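Please open the structure in a viewer and keep its sequence at hand. The tour below proceeds by selections, each followed by a description of what is found there.

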Amino acid sequence: YYGAPDRWSGGSGYSEVTGAWERAISLYRSQVSFVLQLRSSLPAGIGGLCHFTTNAGHSGTYVPLAVGMSALPAAVTNGTSWGATERWSIAWGVRYLNQILQIRFDFMYQAFSTAREAFEADTDALLAQLEASYTGPGDVAQLDELLGERAAQAVDWLWAQSDALVVAFANNGGEGYPAWWLESEEVGYEEGPVRA
């Protein structure tokens, strides 16, 4: 799978070989991934953060959620049945993007990772702004508004990344096939029609 960290279950080989995959957070079947950040040097409402994403952590972006928020953004609170694509949901944004990345993980993930660094730098700037201005429980509306907007922006950004990757790699990234594969008897490339 071109360097993808996912490990899929099933297939005929599993009945022939005994073993198991490590349970990394990069697995496609992961439900959520989060990092808790506790900083006593800041007021409690902003000092405690949960950096949250769904599904495989490597194919999403972590959304900051502060303990001082009065409510969590809809993009992260509503579960999904996986029965229909929900473009308002971070869960579906990450899941869809993860599927796109499987096409050519080796090239696509590099492009995605670069874009994610820029998006998360903007998130860090927003957090710095909040940390500087937050004074206590009276600023809850500011937390709800700014972090809620950032969660919605993350969902839109994830869908935009899926679209951008499909466009950028519409022709398989232009890389073609490796020589070892073209030389394989099963492929039959060397026995194909002669080029004029």
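Are α3 and α4 parallel or oblique to each other? The model shown is a predicted one, and the tour takes this question as its starting point.

**First stop: α3 and α4**

Select residues 90-101, which form helix α3, and then residues 105-133, which form helix α4. The axes of α3 and α4 cross at roughly 135° and come within 9 Å. The two helices are therefore oblique to each other, since an angle over 145 degrees would be needed for roughly antiparallel. To display the contact, choose Leu97, Ile100 and Leu101 in α3, together with Phe105, Met108, Tyr109 and Phe112 in α4. This contact has seven nonpolar residues, with no polar and no charged ones.

**Second stop: α3 and α5**

Keep α3 selected and add helix α5, residues 140-168. Here the axes come within 9 Å and cross at roughly 20°. Because angles under 35 degrees count as roughly parallel, α3 and α5 are described in that way. The crossing in which α3 passes α5 is left-handed. On the α3 side, the contact is made by Ile90, Trp92, Gly93, Val94, Tyr96, Leu97, Ile100 and Leu101. On the α5 side, the residues to select are Val155, Leu158, Trp159, Gln161, Ser162, Leu165 and Val166. By class, the contact of α3 with α5 comprises twelve nonpolar and three polar residues, and no charged ones.

**Third stop: Trp92**

Now centre the view on Trp92, which lies in helix α3. Is Trp92 buried or exposed? Its relative accessible area is 10%, so Trp92 is buried. Next, select Ala75, which is 17 residues from Trp92 along the chain. The C-alpha atoms of Trp92 and Ala75 are separated by 9.7 Å.

**Fourth stop: Arg104 and Asp106**

Move on to Arg104, in the loop between α3 and α4. Its side chain meets that of Asp106 in a salt bridge, with an N to O distance of 2.9 Å. Side chains of opposite charge can pair when their charged atoms come close. Arg104 counts as buried because its relative accessibility is 6%, whereas Asp106, at 26%, counts as partly exposed. For a longer view, select Asp144 as well, 40 residues from Arg104 along the chain. The C-alpha atoms of Arg104 and Asp144 are separated by 38 Å.

**Fifth stop: Arg39 and Glu131**

How many salt bridges does a search of the whole structure find? The search finds two, and the other stop of this kind is at Arg39 and Glu131, whose side chains meet in a salt bridge at 2.6 Å, N to O. This pair links distant parts of the chain, 92 residues apart. Arg39 is in the loop between β1 (32-38) and α1 (44-47), while Glu131 is in helix α4. With a relative accessibility of 19%, Arg39 counts as buried, since the limit for that class is under 20%. Glu131, at 24%, counts as partly exposed.

**Last stop: Asn55**

Finally, select Asn55, in the loop between β2 (48-54) and β3 (63-66). The phi angle of Asn55 is near 55°, a positive value in a residue other than glycine. Asn55 has a relative accessibility of 4% and therefore counts as buried.

Methods
Residues are numbered from 1 along each chain as its sequence is written. This is a predicted model: local features need pLDDT of at least 70, side-chain atom pairs count only at pLDDT 80 or more; totals for chains, interfaces and linings use all residues. Side-chain values use heavy atoms; hydrogens and water are left out. Axes are lines fitted to C-alpha atoms, for helices over the stretch in contact, and angles run from 0 to 180 degrees between N-to-C directions. Helices (H or I, at least four residues) and strands (E, at least two) are DSSP runs, numbered from the N terminus. Angles under 35 degrees count as roughly parallel, over 145 as roughly antiparallel, 65 to 115 as roughly perpendicular and the rest as oblique. A crossing is left-handed if the near helix is turned anticlockwise from the far one by less than a right angle, and right-handed if clockwise. Contact means heavy atoms within 4.5 Å. Ala, Val, Leu, Ile, Met, Phe, Trp, Tyr, Cys and Pro count as nonpolar, Asp, Glu, Lys and Arg as charged, and the others, Gly among them, as polar. A salt bridge is a side-chain nitrogen of Lys or Arg within 4 Å of a carboxyl oxygen of Asp or Glu. Buried means under 20% relative accessible area, exposed over 50%, partly exposed in between (1.4 Å probe, protein chains only).
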